[in-house]
Amino acid sequence: MKERHSDHDSPDRGEPSASFLDRDLKERALGIIRAVQSPETDLPTLPEVAVEISRLTHSETSSASDLERLIVTDQALTTKVLSVANSAYYGRRETVDTIRQAVVLIGFSAVQDLVLGVSVMGLFDSTLQVPGITMKGLWAHSIGVAAAAAALAKIAPWAVASDRAFVAGLLHDIGKPLLLTLFPDYFAEAAAYAHEKRVPFLEAERNTIMVTHDVLGDTFARASFFPPRLLAGIGGHHEPDLKAEPPGMDLIVHVSDYLVVRGDQVGGDELPPPPLLPGAMARLGISVDRAAEAVGASLTDTNSIIDTLL
Ligand SMILES: [Fe+2]
Ligand SMILES: [Fe+2]
């Protein structure tokens, strides 16, 4: 890291050398990652239903009725899942009234993903905030990216399920609520830096705490046994693999994230968008104008989802 800032210096330490600061910051970054990995940490843990759902995704013998039996025990979760399944993003003409119908109409793994996504959102205290960034704003942004990712998946020139893209978008920034919950002071430090310097939050994380939310999110998702199909959109959303064939969910989420923040349409913390990787649009195979139009249209319905899920 080239840039260092004196706000890390403790007053009683005098003028520490660059290498001392470097070590200090690296230790802190490692401490954050270890905390997310450690079973000792008081991490938000997935509710029993979501743990069971995760387990089902790793089982080859699980069935739709296993899934239904698990979900219907949680009425609030059922209501949320059904209302998202009935939203424009899932693009069904028929109304889905039961989890069983959802499994039939949108598919077993899509319902599993959606239940996991909605459960994960419920882990975090929605009233948490630091100056300039609120937990609700973080989730509103993620719902916007979910809608945008589903819209781009529908027009992508290769086969990609829009319902899976929706959940990938919903969970892409999971490292942020995690950081805000576990290390609110560090989160506040990164937020203050981002607002003061007018830089993307990602850059602020690199320059303050030296660990970024994509890495934290990936660590958390793996530690929580998320299905492998959901990992790329979390760990890779700021540096998608442009050589993957066909392109992965990391690319869809990367472009969605950029377009949603650039458009400043939902969850705006008024920070600049994270950088769009050169070549990302070309790899996506959709023109910027067409992508922006599809994303803009997809965001018109996000308010009802925000009301349902937050
Ligand atoms: Fe991100
Ligand atoms: Fe994001």
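## Overview

Helices are DSSP runs of H or I with at least four residues, numbered from the N terminus. This numbering gives meaning to a statement such as the following: R198 is found in the loop between α10 (184-197) and α11 (201-208). The structure described here is a predicted model.

The protein chain contains 17 helices and two strands. It has 310 residues, of which 44% count as buried. Among the contacts in the chain with a separation of 6 or more, 70% are between residues 24 or more positions apart.

## A buried alanine in helix α8

Helix α8 spans residues 162-171, and A168 is one of its residues. Is A168 buried or exposed? A residue counts as buried if 20 or more other C-beta atoms lie within 10 Å of its own. A168 has 31 other C-beta atoms within 10 Å, and it is therefore buried.

Leaving aside residues up to four places away in sequence, A168 touches A149, L230, G233, M249 and V253. The pair formed by A168 and V253 shows how sequence and space can be set side by side: 85 residues separate them in sequence, while their C-alpha atoms are 7.1 Å apart.

## Helix α8 and its partners

Two packed helices are described by the angle between their axes and the distance between the axes. Helix α7 (residues 135-155) packs with α8 at an angle of about 155 degrees, and the axes are 7 Å apart. Because of this angle, α7 is roughly antiparallel to α8. The crossing of these two helices is right-handed. On the α7 side, the contact includes S142, I143, A149 and L152; on the α8 side, the residues include S162, F166 and A168. By class, twelve residues of this contact are nonpolar, three are polar and one is charged.

Helix α8 also packs with α14 (249-263). The axes of α8 and α14 come within 10 Å and cross at roughly 60 degrees. This angle makes α8 oblique to α14. Here too the crossing is right-handed. R164, A165, A168 and G169 in α8 meet M249, I252, V253 and S256 in α14. Five of the residues in this contact are nonpolar, two are polar and one is charged. A168 thus takes part in the contact with α7 and in the contact with α14.

## A perpendicular pair: α9 and α12

How do helix α9 (residues 175-182) and helix α12 (residues 213-223) pack, and at what angle? The angle between them is about 90 degrees, and their axes are 8 Å apart. For this reason α9 is roughly perpendicular to α12. The residues that meet are G175, K176, L178 and L179 in α9, and H213, D214, L216, G217 and F220 in α12. The contact consists of four nonpolar, three polar and two charged residues.

## One side of helix α16

Helix α16 covers residues 288-298, and its buried residues are A291, A294, V295 and S298. These residues cover an arc of only 95 degrees around the axis, so they are on the same side of α16. The elements that cover them include α7, α14 and α15 (280-284). Helix α7 therefore appears in this description as a partner of α8 and among the elements that cover the buried residues of α16.

## Backbone features in three loops

A cis peptide bond joins E245 and P246, with omega at about -5 degrees. P246 is placed in the loop between α13 (232-235) and α14.

Two residues other than glycine have a positive phi: the value is near 55 degrees for R198 and about 60 degrees for M210. The loop that holds R198 runs between α10 and α11, and the loop that holds M210 runs between α11 and α12. Which class of burial does each of these residues have? A residue with 12 or fewer other C-beta atoms within 10 Å is exposed, and one with a count between that and the buried cut-off is partly exposed. R198 has 10 C-beta neighbours inside 10 Å, and so it counts as exposed. M210 has 17 other C-beta atoms within 10 Å and is therefore partly exposed.

Note on methods
Residues are numbered from 1 along each chain as its sequence is written. Chains are lettered from A and ligands numbered from 1 in the order in which they are written. This is a predicted model: local features need pLDDT of at least 70, side-chain atom pairs count only at pLDDT 80 or more; totals for chains, interfaces and linings use all residues. Two residues are in contact if their C-beta atoms, placed from the backbone, lie within 7 Å. Axes are lines fitted to C-alpha atoms, for helices over the stretch in contact, and angles run from 0 to 180 degrees between N-to-C directions. Angles under 35 degrees count as roughly parallel, over 145 as roughly antiparallel, 65 to 115 as roughly perpendicular and the rest as oblique. Ala, Val, Leu, Ile, Met, Phe, Trp, Tyr, Cys and Pro count as nonpolar, Asp, Glu, Lys and Arg as charged, and the others, Gly among them, as polar. A crossing is left-handed if the near helix is turned anticlockwise from the far one by less than a right angle, and right-handed if clockwise. The arc is that of the directions from the helix axis to the C-beta atoms.
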